[in-house]
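Hi,

Here is the structure I promised to pass on. Have a look at it first, and then read my notes underneath.

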Amino acid sequence: MADSAGIQQGSPAIGAAGLVPAAPGAGGTEGSGAAGGSARIAVKKAQLRSSPRPKKLEKLGVYSSCKAEGACKCNGWKSQNPPPTPPRTDQQSNTVNLQEPCRSCSHTLGDHVTHLENVSEEEMNRLLGIVLDVEYLYTCVHKEEDADTKQVYFSLFKEEVYSHSSPIWSQDFLAGASGGQIPIHTGNTHPLRHTLPLLPTTGDETRIGEKRKPSEPLPHEENKRPRVVGDIPMDLINEVMSTIADPAAIPETSLLSAHSARDEAARLEERRGVIEFHVIGNSLNQKPNKRILMWLVGLQNVFSHQLPRMPKEYITRLVFDPKHKTLSLIKDGRVIGGICFRMFPSQGFTEIVFCAVTSNEQVKGYGTHLMNHLKEYHIKHEILNFLTYADEYAIGYFKKQGFSKDIKVPKAKYVGYIKDYEGATLMGCELNPSIPYTEFSVIIKKQKEIIKKLIERKQAQIRKVYPGLSCFKEGVRQIPIESIPGIRETGWKPVGKGKELKDPDQLYSTLKTILQHVKSHQNAWPFMEPVKKTEAPGYYQVIRFPMDLKTMSERLKSRYYTTRKLFMADMQRIFTNCREYNPPESEYYKCANLLEKFFYTKIKEAGLIEK
């Protein structure tokens with residue numbers, strides 16, 4: 001009764017390129033097992049490798065895009081007279097005509113295989129082996145009747161054939177006997193991937209532990225990105241990065257720094273294969289799976305022991321409820337923790353109902369790593385809000401995971417959908433799809449290393465000892481600051497003519513007056529509130545540091561603006577953001593220019609900058 005999703009999540013990669021396991025009974029004949037399937041494919045490989053070169057070119061042409069002039073989009077040669085299905089070896093002719101036109105694009109077979117003219121026989125045989133392995137795997141997928149076994153084939157096919165992380169597309173694997181890469185394809189597409197039919201997707205294909213790949217920025221986006229005062233140049237960061245050891249290559253040791261992230265030990269164990277994460281669930285319309293059922297029973301036991309105040313019958317009902325799923329933590333084949341949840345896609349949130357790790361496995365970072373995996377899973381399913389009722393013992397844990405009592409989901413969205421627990425506190429967490437949560441602590445660690453290196457560089461530049469001041473011994477009572485040797489090298493700059501108010505109350509009063517004038521201006525209306533996502537699609541992907549007059553009012557009230565420069569920087573950011581997102585002919589762009597001019601007039605009147 002296991003949900004098919006449970007089989008895929010976190011399943012280890014199966015098989016390797018060129019070594020496709022045979023499915024028992026996949027051939028459809030009695031007694032045909034793994035050995036029989038391997039023998040059949042080996043015979044086919046031997047027959048094809050002994051064929052004349054034109055016959056081999058015909059086979060590879062099926063998986064080669066057309067190279068004819070005119071940018072033909074045909075992704076593989078198709079015979080005018082396709083062989084019967086299944087093809088019979090005794091009826092196949094060895095006569096191959098390279099001038100035979102393609103049924104799809106009308107260009108010849110020769111136009112599809114021009115890139116293979118100088119390929120050695122050894123390399124051609126290797127490519128033919130890959131083709132037969134993939135064809136056999138594809139056949140096994142569609143002949144397999146057992147749903148669980150079929151899911152394994154789906155995973156293998158997608159991970160080893162279509163996945164960019166598959167080892168069969170690596171430079172080392174593609175390198176031929178001569179050491180050069182064989183150009184079996186054009187552009188950036190893989191040699192086989194662009195022609196094999198896509199498999200139908202069944203169940204949940206998200207794999208726990210797989211890193212999300214951020215979308216590549218368009219070439220002009222980096223140029224459009226506004227430069228912020230204080231930004232570190234990218235070339236300097238890249239230079240520093242080249243001197244930092246990759247934090248991902250953490251040494252194989254059980255000793256971790258006292259300052260290590262909470263989930264670092266768990267992440268190490270996952271990388272070594274000590275622990276696994278699987279999203280599983282019960283199902284009423286799938287064939288029973290013993291492993292999934294055993295894990296569900298294990299989860300029920302963990303939740304029952306760790307949540308003694310929760311009725312055992314209630315825990316059992318939700319864990320085995322088909323509408324609920326559980327992200328399970330597996331160690332040595334047994335369940336040691338998990339998070340049970342129910343997704344409400346139409347309402348835009350997920351309710352977390354149980355979260356626990358068995359007592360003897362706590363304080364190892366498993367809880368944090370579990371939650372990070374759950375966040376990644378939901379980002380892939382485009383659900384960006386969590387809700388949960390936390391008791392007094394769980395509030396601290398959820399706060400560490402980014403939950404708060406400030407619920408972002410409108411009440412109308414969740415009232416009537418989730419159960420209200422007496423004595424518990426409703427907490428929520430809003431996910432940021434730009435954050436790779438399972439790698440977040442690694443990113444922070446790398447950023448700290450960058451800052452440390454930059455500080456060391458700056459210190460090396462200014463670490464010069466100048467002779468002391470001897471003029472005071474000669475009776476000099478006062479000297480200009482700028483005359484002190486080395487003062488400018490420390491970053492000191494002469495104070496401008498602008499007046500910096502030292503009295504906090506006077507500064508607050510002055511800034512408050514200026515802000516009120518700005519908010520009362522007729523062109524201030526577009527900047528009064530934060531920009532809404534619904535009104536400006538993609539705004540927060542373009543604008544990295546949003547700002548508005550309401551936020552500035554709140555910051556002023558909290559005494560955030562301790563200097564005029566902080567206040568002026570936030571105000572300037574409003575105008576810069578507006579001009580960055582909107583075209584020059586827009587009304588918003590014009591409002592920004594006019595309001596900016598008015599703002600600097602008021603700043604000058606207040607004496608905060610020179611007139």
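Below is what I found, starting with confidence and ending with the cysteines.

Keep in mind that this is a predicted model, where local features need pLDDT of at least 70, side-chain atom pairs count only at pLDDT 80 or more, and totals for chains, interfaces and linings use all residues. Residues are numbered from 1 along each chain as its sequence is written, and side-chain values use heavy atoms, with hydrogens and water left out.

The average pLDDT (the predictor's confidence in each residue, from 0 to 100) is 75 for the protein, and 72% of the residues score at least 70. Residues 1-32 have a pLDDT below 50, and this stretch makes 98 contacts (heavy atoms within 4.5 Å) in the model beyond near neighbours in sequence. Residues 169-207 are also below 50, with 100 such contacts.

Next, a spot to look at on the surface: Leu469 sits in the loop between helix H16 (440-462) and helix H17 (504-519), where helices are DSSP runs of H or I, at least four residues, numbered from the N terminus. At 37% relative accessibility, Leu469 is partly exposed, meaning between buried (under 20% relative accessible area) and exposed (over 50%), with a 1.4 Å probe and protein chains only.

As for the cysteines, there are zero disulfides, counting pairs of cysteine sulfur atoms within 2.5 Å. Cys74 is in no disulfide, and its nearest cysteine sulfur, in Cys105, is 3.9 Å away. Cys74 is buried, at 7% relative accessible area, whereas Cys355 is partly exposed at 24%.

Cheers

Terms used. Helices (H or I, at least four residues) and strands (E, at least two) are DSSP runs, numbered from the N terminus.
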